[in-house]
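Reader: I would like to go through the cysteines and one helix of this model with you, and to hear the reasoning behind each label. Could you set each value against its cut-off as we go?

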Amino acid sequence: MNTLKQRTALAILFAVAAAGVLIFTSYFSARTHLASPPAQANLPATAQADTVASIPDAAPAAPEPESQTKTAVATEVPLAIPTQPAKGNLNAPVTIVEFADFYCPYCARHVRETIPLIETDYIDTGLVRYEFRNLIIHGQPALLAAVAGECAHQQGAFWGFHDAVFERIFGDGNRSDSRHLEADDLKQIATQLGLNCAAFDACLDTYEQTYNKCHDSYQTCGQDTACAEQFQGCLENDPMVAKVFEDQASLSTLIEQLPEAEKAQAQRIGTPAFFINGHILIGAHPYAVFKEMIDTQLAKARTQR
Amino acid sequence: VKNTLPTTLIVALSAVGIGVSSYLTYSYVIDVQVVCFESAGCDLVKASPYAWVGSFPVPLLGLLAYVALLALSVTNLWSAPASKAGLTLAIFGLALVGVLFSAYLTYLEAFEIRAFCYWCVTSAAVMGLIFVCSVLLLRSVEQNSHDP
């Protein structure tokens with residue numbers, strides 16, 4: 001019996017040691033992962049091929065003292081870009097920056113179910129500024145929709161257009177209802193919303209001409225990574241595409257400014273992604289999660305006054 | 001005969017664990033693209049830096065553990081009484097490693113990632129039950145060794 005008890009004790013000792021090694025390896029592996037450049041490295045090849053403009057590289061984690069300084073000032077760095085499509089007061093105590101893709105069903109659900117509640121409780125009351133930025137995940141159709149959004153934004157009609165495009169793509173929210181919108185569909189939406197059709201159509205036509213020109217040269221250049229970069233560089237000649245790409249470039253800046261503890265979540269960013277006064281939230285979370293984060297930031301803002 | 005029930009339960013639970021961890025491993029290895037996130041859940045857990053230990057997806061570690069537990073417990077069912085103590089200790093030791101690591105992973109979900117993947121929680125619960133069964137099994141083996 002003693003032998004069995006001794007062997008049991010030994011088994012416990014070995015098991016605890018083995019679990020300790022596993023936990024340490026897991027923790028060490030996660031820390032190493034945190035210190036490596038994220039985004040593109042984590043996107044599988046198929047996704048990169050399908051992504052017209054992939055997420056810009058973020059810098060590797062900074063040395064500890066510097067990152068601590070960044071953490072300390074993270075919430076003080078202004079998140080808002082006044083020229084972006086936004087709802088609410090520019091000087092609101094809380095700024096939410098959303099990164100979205102018009103073909104992302106979870107973004108659509110967020111638009112349907114959560115934004116209206118945030119709008120009623122916080123945006124209309126002057127407590128939150130809600131800013132939209134593009135993050136193209138679903139390739140060319142998403143880029144076309146994003147460009148159309150920028151064209152609508154030129155006329156100060158972004159949000160109506162934004163809501164209409166999501167509704168047209170996803171209908172009642174059933175994924176099977178999703179459909180690709182052609183330029184003509186987007187022009188039709190603009191017409192229905194009463195936008196200046198001539199200006200909107202010209203804006204979209206310019207993009208289409210640029211896209212076709214770039215696509216023709218892309219087909220003859222070998223289609224490797226360098227070629228894809230050339231293609232993106234070529235597309236940027238269109239001012240609206242340049243704006244979309246600027247949105248994406250701002251993502252890496254916001255990630256760099258995240259508190260160290262939250263950078264893990266930004267390793268494999270997707271849509272929708274939110275930055276709430278410099279704190280990240282990835283996914284179409286229920287309204288309660290947004291409410292809690294907004295209230296926390298509002299309480300912080302009150303104490304800082 | 002006394003230790004047949006806990007061993008049988010371990011066999012059944014290991015099979016459940018293999019199912020859960022196989023599905024998770026498949027989703028990690030094959031369906032690795034997480035670009036459009038569902039609200040908190042497996043996508044967020046899978047996207048976290050804790051999802052992989054080096055180049056091994058965490059569910060693969062679970063799968064290996066469940067396969068080993070299944071093999072050990074099936075062998076235990078038909079083994080000679082003399083070798084039962086050794087097999088029971090191996091099951092108990094492996095289940096203890098599993099339950100400790102599962103507890104750590106559940107802690108990560110709750111406090112670091114702040115999202116729960118119900119497949120992972122199910123796996124943790126299965127491992128917890130296997131551990132309880134392994135303790136019962138160990139006790140029965142101890143009692144058997146007392147019996148004349």
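**Cysteines and a helix, label by label**

Author: Both C151(A) and C203(A) are buried, a word that stands for under 20% relative accessible area, with exposed meaning over 50% and partly exposed lying in between (1.4 Å probe, protein chains only). This is a predicted model, in which local features need pLDDT of at least 70 and side-chain atom pairs count only at pLDDT 80 or more, while totals for chains, interfaces and linings use all residues. Residues are numbered from 1 along each chain as its sequence is written, chains are lettered from A and ligands numbered from 1 in the order in which they are written, and side-chain values use heavy atoms, with hydrogens and water left out.

Reader: What makes C151(A) and C203(A) a disulfide?

Author: The S to S distance of C151(A) and C203(A) is 2.0 Å, and a disulfide is defined as a pair of cysteine sulfur atoms within 2.5 Å, so the pair qualifies. The pair links distant parts of the chain, with C151(A) in helix α5 (residues 139–154) and C203(A) in helix α8 (residues 197–219) of chain A, 52 residues apart; helices here are DSSP runs of H or I of at least four residues, numbered from the N terminus.

Reader: Why is the disulfide of C214(A) and C234(A) called left-handed?

Author: The torsion about its S-S bond is about -85 degrees, and therefore the link of C214(A) and C234(A) is left-handed. C214(A) lies in helix α8 and C234(A) in helix α9 (residues 225–235) of chain A.

Reader: How do you know whether C234(A) is buried or exposed?

Author: C234(A) has 17% relative accessibility, so it counts as buried, and C214(A), at 1%, counts as buried too. C197(A), by contrast, has a relative accessible area of 27% and is partly exposed.

Reader: Why is C120(B) not counted as bonded to C117(B)?

Author: The sulfur of C120(B) is 3.3 Å from the closest cysteine sulfur, that of C117(B), which is too far for a bond. C120(B) is itself buried, with a relative accessible area of 19%.

Reader: What puts the buried residues of α3(B) on the same side?

Author: The buried residues of α3(B) include V58(B), L63(B), Y66(B) and L69(B). The buried set covers an arc of only 165 degrees around the axis, taken from the directions from the helix axis to the C-beta atoms, and therefore lies on the same side of α3(B).

Conventions: Helices (H or I, at least four residues) and strands (E, at least two) are DSSP runs, numbered from the N terminus.
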